[in-house]
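Trainee: I am new to this structure and would be grateful for a close look at a single part of it. Please begin with the whole and then move to the part itself.

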Amino acid sequence: MADAVERALEEERHLFVEAGTGTGKTLAYLIPAILSGRKVIVSTATRALQEQIFAKDVPLVAAALQTHGMSFSASLMKGLGNYVCLRRLNEARASGTRAHDRALARIVDWVKETETGDRAELADLPEDAEAWRDVRSSSETRIGAGCQHFDECFVTRMRREAEEAQIVIVNHHLFLADLALRTGPRGAYASVLPAYDVAIFDEAHALEDIATDFFGMRISSARVDALLRDAERSLAAANALEALTSGPLRSTLEGAREAAKWLFACLAQGRPSGDARRMLSESDITPAVRSAHDAVDVRLEALQALAQARKEEAVQLVAHRVRELREDLRSVILSATSGEEEEDGELGDRVRWIEIRSRSVALGASPIDVGATLRKRLFDRVSSVVCTSATLATGESFHFAKARLGAPPDARELVFPSPFDFASQSVLYLPEDLPDPTAPGFEEAAADRIADLTGMTDGGAFVLCTSTRAMQSIHDRLCRVVRSPLLLQGERPKHLLLARFRSSGRAVLVATMSFWEGVDVPGWALRLVIIDKIPFAPPNDPIVAARCARLDREGGNGFTQYSVPAAAMTLKQGFGRLIRNQRDSGVVAILDKRIVRRGYGRALLASLPPARRVRSIDDLRARWSELAALATEEDGRTDPPSVTRREPPIVLHGANYERD
């Protein structure tokens, strides 16, 4: 794989690589990237992997290269929301609304001593602290060189280190936010990443979904509230205090808040709340909604005019954000039609949707196809793009991933299977005696089977569900029959759930999609992974429905060309939770009998590792006895003595790894 990456960079070609768990793909792209001498952005799907690469893999490579007299520089860039904004912090303090807020006081004291401004240093600050929301940086609030705090800004410092470094490690959210900004109407005005020659995407399978968010739009009550709150503070900092306490500005702000509440209330009226979004139709845009939208637009127009009359950069930024909000609202509300797609320039067709939850309402418009956008803004602009993941191909083909991401057809393709011996380390249980997942009684029967399986393994299980409703239903049933400690996603922060799961050794964790990937539990603590259903994307999701419908109209088949390959990649991610190293072993159970009864099941099974397959519970018990015996034998061995390796001393000078 390292040879392939090296050739792709030398020849300025694009490369798609699937490398199974345990391949060492991080080292396989880091080393040729460093040796190329080019400016390289490495982007990952999660902050956890991003930090792992910077804190573990980069120092390992640095130490190895230093023994050969070579050195390089590396930098870590997190999303802007991880850093405190000094301007917003001063505005929050000056506003008086949080003058006695202990969380804000804690942030103020911390800023006096921090070198990075990274929120990760504030371990004692609650995750949902409102004070942090009011002072964090963002692409919407960042002024840039015109800000009076620009030179001392933590984001500026982060970017300067990144400009000096050869390897810059980011995540997909930051990369795509930067891509959207630098190629959007504001140009490089709000861009964050330095110029680069090469882009390497680890966990590239997640790119399409994140790109769909960044090249779409979302209007929610939270967005309106944040804008109006920032407007009030920016104007206060601009010495418009008299206007804020009385007069047209105060009435404009309050009027905009009330009009927005009315608009979202009209959109939600008479409709059940739930997590699922659906297509926005003409019937949603009632006369009351149109009237409420007119009221919001009038007040926002007045606020925009008042802000544009000021010269301060921060207030001008407010005017820009107000204009964008007005344009987004008009685009979604006035253009909503009955399921029709609307052309939207380079981004192609968009699907408009509405999402009604118990405490919020959101409207949005998402591109049906981000491939053309990524082709123009990424693959045609960057000389070499490397996309890699443990789950990027469907079977042996990259056709699906390349088409969805807009990669040119001549991009090279390689598959490197995992070095693990799945045939001896794992068993794939495919029961056919359960009800069809669409039939009544499936969840009850599934819960009973899960109880049997976790009883056989004495816990140590992930139960991965395809919906929040199914997760809750299965968990409630398991509460009555499972003897192992039972954990539920959402009852505690994710890292605390994982810590308790690892320490227990017998726990059963019931979860949804956030635990299907990016979760690493090596060892015997996780010996059973149960998947309730084939993870098809909800067919009534407006984006999924629109993508499938487009393929159907073009003479293809949306289900087989979009839904099945997408499910295969997700299923492979779920399976990947089980075997994380050469000593792991266990069982993956898929309780959806369609995988062996329907024709598309062959494609799904072909994408999975070559574990031994069993259909009956009796055969599974026999196989389990073998795995348990093997694990006991492994645990009974005396591990080889640890070897103390004397590494060349390394000192981190800013972003540079150099010999001491």
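Mentor: The model shown here is predicted. Of the 660 residues of the protein, 53% count as buried. The secondary structure comprises 25 helices and 21 strands. Among contacts between residues at least 6 apart in sequence, 77% join residues at least 24 apart. The protein exposes about 29,000 Å², and carbon and sulfur atoms supply 49% of that area.

The part I propose to examine is the open sheet of 7 strands, whose order is 15-16-14-17-18-13-19. The pairing in this sheet is parallel. Its edges are strand 15, residues 486-488, and strand 19, residues 612-614, each of which pairs on one side only. From one strand to the next, the twist averages 20 degrees.

Let us start at the edge formed by strand 15. Strand 15 runs parallel to strand 16, residues 508-511, and 3 bridges join the two. Within this pairing, L486 stands opposite V508 of strand 16. In general, strands of a sheet pair through backbone hydrogen bonds, either parallel or antiparallel.

Two helices lie across strands of this sheet. Helix 18, residues 442-457, lies across strand 13 (426-429), strand 14 (461-464), strand 16, strand 17 (528-531) and strand 18 (586-590). Its direction is at about 175 degrees to strand 17. Helix 19, residues 468-478, lies across strand 14, strand 15 and strand 16. With respect to strand 15, helix 19 runs at about 160 degrees. Strand 14 and strand 16 are thus named for helix 18 and again for helix 19.

For a view of helices packed against each other, turn to helix 21, residues 542-553, and helix 22, residues 558-575. Their axes come within 8 Å and cross at roughly 145 degrees. On the side of helix 21, the contact is made by V544, R547, C548, L551 and D552, while helix 22 contributes G558, Q561, Y562 and S563. By class, this contact has 4 nonpolar, 3 polar and 2 charged residues.

A second helix pair may be set beside it. The axes of helix 4 and helix 10, the latter spanning residues 221-237, come within 9 Å and cross at roughly 85 degrees. The two helices are therefore roughly perpendicular to each other. R87, R88, E91, A92 and S95 of helix 4 meet D230, R233, S234 and A237 of helix 10. The contact of helix 4 with helix 10 has 2 nonpolar, 2 polar and 5 charged residues.

Helix 4, residues 86-95, also belongs to another set of neighbours: the buried residues of helix 7 pack against helix 4, strand 3 (72-76) and strand 4 (167-171). In helix 7, residues 154-164, the buried residues are F154, V155, T156, M158 and A162.

Finally, consider strand 11, residues 384-389, a strand with 6 of its 6 residues buried. S384, V386 and T388 lie on one side and V385, C387 and S389 on the other, and both faces are covered. Strand 1, residues 15-19, runs parallel to strand 11 and is joined to it by 4 bridges. Here E18 has S389 as its bridge partner. Strand 5, residues 198-202, also pairs with strand 11 in the parallel sense, over 5 bridges. In that pairing, the bridge partner of V198 is S384.

How values were computed. Residues are numbered from 1 along each chain as its sequence is written. This is a predicted model: local features need pLDDT of at least 70, side-chain atom pairs count only at pLDDT 80 or more; totals for chains, interfaces and linings use all residues. Side-chain values use heavy atoms; hydrogens and water are left out. Buried means under 20% relative accessible area, exposed over 50%, partly exposed in between (1.4 Å probe, protein chains only). Contact means heavy atoms within 4.5 Å. Two strands pair if DSSP finds at least two bridges between them. Accessible areas come from the Shrake-Rupley method with a 1.4 Å probe; for residues, only the protein chains shown count as cover. Axes are lines fitted to C-alpha atoms, for helices over the stretch in contact, and angles run from 0 to 180 degrees between N-to-C directions. Angles under 35 degrees count as roughly parallel, over 145 as roughly antiparallel, 65 to 115 as roughly perpendicular and the rest as oblique. Ala, Val, Leu, Ile, Met, Phe, Trp, Tyr, Cys and Pro count as nonpolar, Asp, Glu, Lys and Arg as charged, and the others, Gly among them, as polar.
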